Amino acid sequence: MFDSANVSIFAGSGGQVFAERMCKYMGKKLGSSEVITFSEGNTFVRVNESVRDRDVLLVQPIGLHANDEFVEILFWMDAFKRANAHSCTLVMPYFGYGKGDKKDEPRVSIRARVCAECMELAGADRFVTMDLHAQQLQGFFKRPMDHLYATFMLAEVVKKLDMSNMVVVSPDAGYAKQARKFASMLNLPIAIGDKERVDHTENASILEVIGEVKDKDCLIVDDFTISGGTLVNLADSLVARGARSIRAMLSHNIISASGVRKINASRIECVYSTDTVSNPNIIGEEKFKTISVAPMFAETIMRYYNYESVNDMFNKLPDKVVQAGFELAGLKL
């Protein structure tokens, strides 16, 4: 039984909905706090209740407003530490700066490493996140981290679809390993797109598709999309090679408004994603369906405080987590 007496959960400006869903699963009340953004862009945060000697959890993705949300995290950590919190865990469902994980051209910053170090220096004692852009990003953090995977919850969505003629498609070789794990989990074949990106315009060209897709129901899997360009270009390539239908599945959905329009005008029938980022651009859009992973995060935290194995949860995702994930997001298939 989870003893939450000494645990307080707070939400940053970008994590309100996700935090409320976690609290509902855990039977907790969300802590009182506020964020004020002044006219010149200055950010002010305040905790409205005592956190002295308490284990504090802050829920805040670095998503659609990356710079503001990142700076806000630093201020929250400082506020909690100055209020004598016993520990500070950052629940960061999406780490937007994870894309900056290497120095692959001259005179550029490894942004993910800078962010990791700053959050730790500000006071974060532990991290809980999901589907980092690259596995090696975990090495940028010196503090303990629980790295969760969206594939376990997304697989539950796929199981409710007709998989008899389905093939999993990775948009590029870089995501092929994750796509292969996902396909193996569902006992499905895999195809891989050969993608070329020549600049930072968030658009990429699909040069070739490796694998059999003719007369197949294709399921494109990726960790995120912003412009929708890669998904649409790959969908066009799959259709040109005789694919019967196209769906897409994302760990995180940070798509822009123009990207939504691009998807709506494409041959992609549906885009499934998790709720790690509250994206107003997909609200009311019929092609976009969301499943909540807030229960998975909540279950992980509960197991941590109960000294139970987190790894066991991924051998078979508990039915209560799956059911809550569907119900909280109102997903119906």
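1. A quick definition before we start: a residue is called buried when its relative accessible area is under 20%. With that in mind, have a look at strand β13 (residues 268-274) in this predicted model. Six of its seven residues are buried, so β13 is largely enclosed by the rest of the structure.

2. It helps to see what β13 pairs with. Strand β12 (residues 245-250) runs parallel to β13, and five bridges join the two. One pair to pick out on screen is Leu-250 with its bridge partner in β13, Ser-273. Between these two strands the chain passes through helix α7 (residues 257-264), and this β-α-β crossover is right-handed.

3. Strand β14 (residues 288-291) also pairs with β13 in the parallel sense, over four bridges. Here you can look for Tyr-272, whose bridge partner in β14 is Lys-289.

4. Helix α4 (residues 151-158) deserves a visit too. Eight of its eight residues are buried, so α4 is largely enclosed by the rest of the structure. Glu-156 is among these buried residues, along with Thr-151, Phe-152 and Met-153.

5. Now for the nonpolar packing. The largest nonpolar core has 54 residues, and those touching the most other members are Met-22, Phe-182, Met-249, Met-296, Phe-297 and Leu-317. Leaving aside residues up to four places away in sequence, Phe-182 touches Thr-151, Leu-154, Ala-155 and Val-158, as well as Val-168, Leu-219, Val-221 and Met-249. A second, separate core holds 30 residues, including Val-45, Met-119, Ala-124 and Met-145.

Notes. Residues are numbered from 1 along each chain as its sequence is written. This is a predicted model: local features need pLDDT of at least 70, side-chain atom pairs count only at pLDDT 80 or more; totals for chains, interfaces and linings use all residues. Side-chain values use heavy atoms; hydrogens and water are left out. A nonpolar core is a set of buried Ala, Val, Leu, Ile, Met, Phe, Trp, Tyr and Cys residues joined through side-chain atoms within 4.5 Å. Buried means under 20% relative accessible area, exposed over 50%, partly exposed in between (1.4 Å probe, protein chains only). Contact means heavy atoms within 4.5 Å. Two strands pair if DSSP finds at least two bridges between them. A crossover is right-handed if, with the strands pointing away from the viewer, the path from the first strand over the helix to the second runs clockwise.
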